[in-house]
Amino acid sequence: MSQYINRIIVMICFASLAMGCSEDTIDNFETGTLTGIVVADGTNEPLENVKISTNPNTSTVFTDVEGAFTIENIPVEQYSVQAELEGYLTTFEAAEITSSGAAVNVVFELQVETANNRPPNTPVLETPADNAVDIPLNTTLVWSGSDPDDDDITYTIELRNNVDDEILSFSTVNDTLVEVSGLRFGLKYFWQVGAEDDINDDVIQSEVGVFNTIALPENRYVFVREINGNNVIFSADEEGNELMLTSASSNSYRPRQNTSVNKIAFLSNVGSETHIFIMDEDGSDVTQITSQVPVNGFKLEEIDFAWTQNGDRLIYPNFDRLYSVNINGEGLQQIYQTTDGSFITEVVISQDESITVLKTNDVSGYNVSIFTIDNSGALLDDILSGVDGAAGGLDISVNNQAVLYWYDVSGFESPNYRQLNARVFLFDRATATAVDLSDGKPGGTNDFDCRFTPNEAEIIFTNTSNDGVSQKNIVIADTDPDQINNASERAVFIPNGKMPDYE
């Protein structure tokens, strides 16, 4: 029995010794070192204060100014190492710590957190439809667009035409339409929409759309209307449909058309001076013509100038001198000067350029003379002189036989240049007699700024109350002597207008 007990004790001792021999202390665990660097993707710029952690979990450290980090005494294991920094995408790298004792190094290239952001979708043009025609000069461009990440979209819109280098540019944020004004008549326009967000560098361009604007209306009348204290030039067709040609923010007046070059000349202010400009019939391509010698004389709104028939030159006054200038602004020359120092206020030249009609006056606008001269400056006709009161409004017939003008038969003269009974007259050069064309004029009104219509069977002029402050209206009347006494033949064509021209 005792022998049996002794054997059990011995077996227990051997088991205890065996178990004691298989145990390791903590001091015997194997560890290593993890090092690394974190840089920005694309630039390799070191990133500081990047949070570095592992899974399985060990120490958490942060990168230094050089983007470097170290985790020491990290147990032998396979790890997923995480790099985390605000504004960048969190990135993972695998690392295995082995029993070799060598440091393990990892490199992180962090992308900004928008790196996976997608650009906007391609805009789709909707209105005007592709190849649309007769689009108004003021229209709305409409397209559709979206962003897959719901980012704000900035749209840029460009329009080009088929005749010059003009580019119209617009931009919107999120809006998919833009109102466009100031397009030009009869042009083909090409438009394209670009879309971009604040994240991606790419600009996504739509296809190019094409449309055609409405044709230039055949407006044969031009006139002036006062808007907010400025004279503004308009054109109109025979039905009275109007087109505004100059801006209400500038003072433009005395329009004169030339159908040979399809241009309109007019006066406008440049600083303290008044100069001649020309523009296309739609009001575009405005060009200043005079520069060295401005238009000047008595009461600038009374001054008038003239085209030559072929449209290559303009004739205009500067006090007592008459000048000619080419429409490119070159070739300035003095062609006439009054002998008595009186101011030249109005001028018109015959179609064959053989006769020039002039109106001169003193510094107050009175002591008027209306006369014709030839190209040498010799007097041909003394039409009106030696009378009291104001006069003006010159035009000459196509056959050079008749001269149109107005004259205030009241003979009234005042410091504010007010007229009481201005009437239109037709002077016959062959008989040296004048016919009154204003017998149908309402009492207490003035007729002035008279011009022949193209067929010369009618005249177009301005009529207004002689109070000097009432609305001015443009009137058309017959030149037939049998009809001039009939007030019904006088028709108001353009209400609230002045300085008409009809070519």
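Biologist: How much accessible surface does the protein have, and what share of that surface belongs to carbon and sulfur atoms?

Modeller: The accessible surface comes to about 25,100 Å², and carbon and sulfur atoms hold 46% of that area. Keep in mind that this is a predicted model.

Biologist: Okay, and what is the secondary structure of the protein?

Modeller: The count is 40 strands and 1 helix.

Biologist: What makes you call the protein more spread out than a compact globule?

Modeller: Set the value against the rule: for 503 residues the globule rule gives 23 Å, and the radius of gyration here is 45 Å. That is well over the rule, so the protein is more spread out than a compact globule. You can also look at the box that the C-alpha atoms fill, roughly 175 × 45 × 40 Å along the principal axes.

Biologist: What percentage of the residues count as buried?

Modeller: That would be 44% of the 503 residues. As for contacts between residues at least 6 apart in sequence, 47% of them join residues at least 24 apart.

Biologist: How many positive and negative side chains are there, and how far apart do the centres of the two sets lie?

Modeller: There are 23 positive and 80 negative side chains, with 14 Å between the centres of the two sets.

Biologist: Let's get down to residues. Why does Ala236 count as buried or exposed?

Modeller: Buried means under 20% relative accessible area. Ala236 has 0% relative accessibility, so it counts as buried. Ala236 belongs to strand 18, residues 230-236. Beyond its sequence neighbours up to four places away, Ala236 touches several residues, among them Arg220, Tyr221, Phe223 and Ile494. Phe461 is 225 residues from Ala236 in sequence, and their C-alpha atoms are 15 Å apart in space.

Biologist: And Lys359, why is it called buried?

Modeller: Apply the cut-off of under 20% again. The relative accessible area of Lys359 is 0%, so Lys359 is buried. Lys359 sits in strand 29.

Biologist: Which backbone oxygen does the side chain of Lys359 reach?

Modeller: The backbone oxygen of Ala391, at 2.9 Å. A polar contact takes a pair of N or O atoms within 3.5 Å, and 2.9 Å is the separation here. Leaving aside neighbours within four places in sequence, the contacts of Lys359 include Phe343, Glu346, Val368, Leu394 and Tyr417.

Biologist: What makes Thr172 buried?

Modeller: Thr172 has 11% relative accessibility; the limit for buried is under 20%, so Thr172 counts as buried. Thr172 is part of strand 12, residues 167-173. A polar atom of the Thr172 side chain lies 2.7 Å from the backbone oxygen of Asp175. Not counting residues up to four places away, Thr172 also touches Trp143, Tyr155 and Leu177, among others.

Biologist: Where is Leu245, and why does it count as buried?

Modeller: Leu245 is in the loop between strand 19 (242-244) and strand 20 (252-258). With 8% relative accessibility, Leu245 counts as buried, because the cut-off is under 20%. Including only residues beyond four places away in sequence, its partners include Phe234, Ile264, Met279 and Asp282. Ile52 is 193 residues from Leu245 along the chain, and 70 Å separates their C-alpha atoms.

Biologist: Why is Asn49 called partly exposed?

Modeller: Partly exposed is the range between the buried limit of 20% and the exposed limit of 50%. Asn49 has 48% relative accessibility, so it counts as partly exposed. Asn49 is found in the loop between strand 1 (31-40) and strand 2.

Biologist: What is phi of Asn49?

Modeller: Near 65°, a positive value in a residue other than glycine. Glu353 has a positive phi too, about 65°, although Glu353 is not a glycine. Glu353 lies in the loop between strand 28 (343-349) and strand 29 (356-361).

Biologist: Last one: which residue does a cis peptide bond join to Pro56, and which to Pro128?

Modeller: Asn55 is joined to Pro56, with omega about 5°. Pro56 is in the loop between strand 2 (51-55) and strand 3 (61-62). Thr127 is joined to Pro128, with omega about 0°. Pro128 is in the loop between strand 8 (124-127) and strand 9 (132-135).

How values were computed: Residues are numbered from 1 along each chain as its sequence is written. Side-chain values use heavy atoms; hydrogens and water are left out. Helices (H or I, at least four residues) and strands (E, at least two) are DSSP runs, numbered from the N terminus. The radius of gyration is taken over C-alpha atoms; the globule rule is 2.2 Å times the number of residues to the power 0.38. Buried means under 20% relative accessible area, exposed over 50%, partly exposed in between (1.4 Å probe, protein chains only). Contact means heavy atoms within 4.5 Å. Accessible areas come from the Shrake-Rupley method with a 1.4 Å probe; for residues, only the protein chains shown count as cover. Lys and Arg count as positive and Asp and Glu as negative; His and the chain ends are not counted. The place of a charge is taken as NZ of Lys, CZ of Arg, CG of Asp or CD of Glu. A polar contact is a pair of N or O atoms within 3.5 Å; within protein, one must be able to donate a hydrogen and the other to accept it, and residues adjacent in sequence count only if both atoms are side-chain atoms.
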